[in-house]
Amino acid sequence: NEKCHEHYTTEFLYNLYSSEGKGIFDCRINVLGHLQQGGAPTPFDRNYGTKLGVKAVLWMSEKLQQVYSKGRVFANSGDTACVIGLRKKVVAFSPVTELKKVTDFEHRLPQEQWWLNLRLMLKMLANYQISLTEYISGQMEHVTRRTLSIEKGF
């Protein structure tokens, strides 16, 4: 938060990282609140953000210990640049190289979106005039599956 400390401003952190990078890496100012425009964060948001922050710092500390050798850091493998997020109800780190393979950069979306198959059903539930024959064009796995499992989804 930009208001968390009078001295640790976004500008100060930008200058700190820029000078410490010594030309090896660069940085830029990006205030997420300006991008998200989500209103006031809830206690859940704050708690979840704290948990993700702690996991990210622990992960970075572990990675630095793994790649540090003879006074230098050799972070040249694919798993040293990751994004933290939820993957099937579990907080996970996804290497950027893997995300690159499954991302539609032109539209800034994943190439495959699981929920797109639900659009016709959602229209039916919202009382659109949709025929059931349109919806049954493919296999209705969620109806024909006999057992439920967390791994495959309910």
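Q: Buried means under 20% relative accessible area, exposed over 50% and partly exposed in between, taken with a 1.4 Å probe and protein chains only; why, then, is aspartate 79 called partly exposed?
A: Aspartate 79 has 33% relative accessibility, a value between the two limits, so the middle class applies. The model is a predicted one, in which local features need pLDDT of at least 70, side-chain atom pairs count only at pLDDT 80 or more, and totals for chains, interfaces and linings use all residues. Residues are numbered from 1 along each chain as its sequence is written, and side-chain values use heavy atoms, with hydrogens and water left out.

Q: What makes the contact of aspartate 79 with lysine 63 a salt bridge?
A: The term asks for a side-chain nitrogen of Lys or Arg within 4 Å of a carboxyl oxygen of Asp or Glu. The side chains of aspartate 79 and lysine 63 meet at 2.8 Å, N to O, so the contact falls within that limit. Aspartate 79 sits in the loop between strand S2 (72–73) and S3 while lysine 63 sits in helix H3, so the salt bridge ties together parts that are 16 residues apart in sequence. The structure holds one salt bridge. In general, side chains of opposite charge can pair when their charged atoms come close.

Q: Why does lysine 63 count as buried?
A: Lysine 63 has 13% relative accessibility, which is below the limit for a buried residue, so that class follows. Across the protein, buried residues make up 7% of the 154 residues.

Q: How do you know how many helices and strands there are?
A: Helices (H or I, at least four residues) and strands (E, at least two) are DSSP runs, numbered from the N terminus. On that basis the protein has seven helices and six strands, which follow one another along the sequence as α-α-α-β-β-β-β-α-β-β-α-α-α.

Q: What makes phenylalanine 44 and tyrosine 48 a stacked pair?
A: Rings of Phe, Tyr and Trp (its six-membered ring) pair if their centres lie within 6.5 Å, and planes under 30 degrees apart count as stacked, over 60 as edge-to-face and the rest as tilted. A search of the whole structure finds three aromatic pairs. In the pair of phenylalanine 44 and tyrosine 48, the centres are 5.9 Å apart and the planes differ by 5 degrees, so both conditions for a stacked pair are met. Both residues lie in helix H3 (residues 43–67), four residues apart, about one turn of the helix. Phenylalanine 44 is exposed at 59%, whereas tyrosine 48 is partly exposed at 27%.

Q: Why is the pair of tryptophan 59 and phenylalanine 93 called stacked?
A: The ring centres of tryptophan 59 and phenylalanine 93 are 5.0 Å apart and their planes stand at 15 degrees, so this pair is stacked. The pair links distant parts of the chain, with tryptophan 59 in helix H3 and phenylalanine 93 in strand S4 (residues 90–95), 34 residues apart. With 16% relative accessibility tryptophan 59 counts as buried, while phenylalanine 93, with 26%, counts as partly exposed.

Q: How do you know that strands S3 and S4 are paired?
A: Two strands pair if DSSP finds at least two bridges between them. Strand S3 (residues 82–87) and S4 are joined in the antiparallel sense over six bridges, so the requirement is met. Valine 90 in S4 is the bridge partner of arginine 87, and the two strands form a hairpin with two residues between them.

Q: What makes the phi values of lysine 88 and lysine 89 worth noting?
A: Most residues other than glycine have a negative phi. Lysine 88 has a positive phi near 55 degrees, and lysine 89 has a positive phi of about 70 degrees. Lysine 88 lies in the loop between S3 and S4, as does lysine 89. Their relative accessibilities are 70% for lysine 88 and 67% for lysine 89, so both count as exposed.

Q: How do you know that the span of H1 agrees with its number of residues?
A: The expected span of a helix is 1.5 Å times one less than its number of residues. For the twelve residues of H1 this gives 16 Å, and the end C-alpha atoms are 16 Å apart, so the two agree. H1 is followed by lysine 22, whose phi is positive, near 45 degrees.
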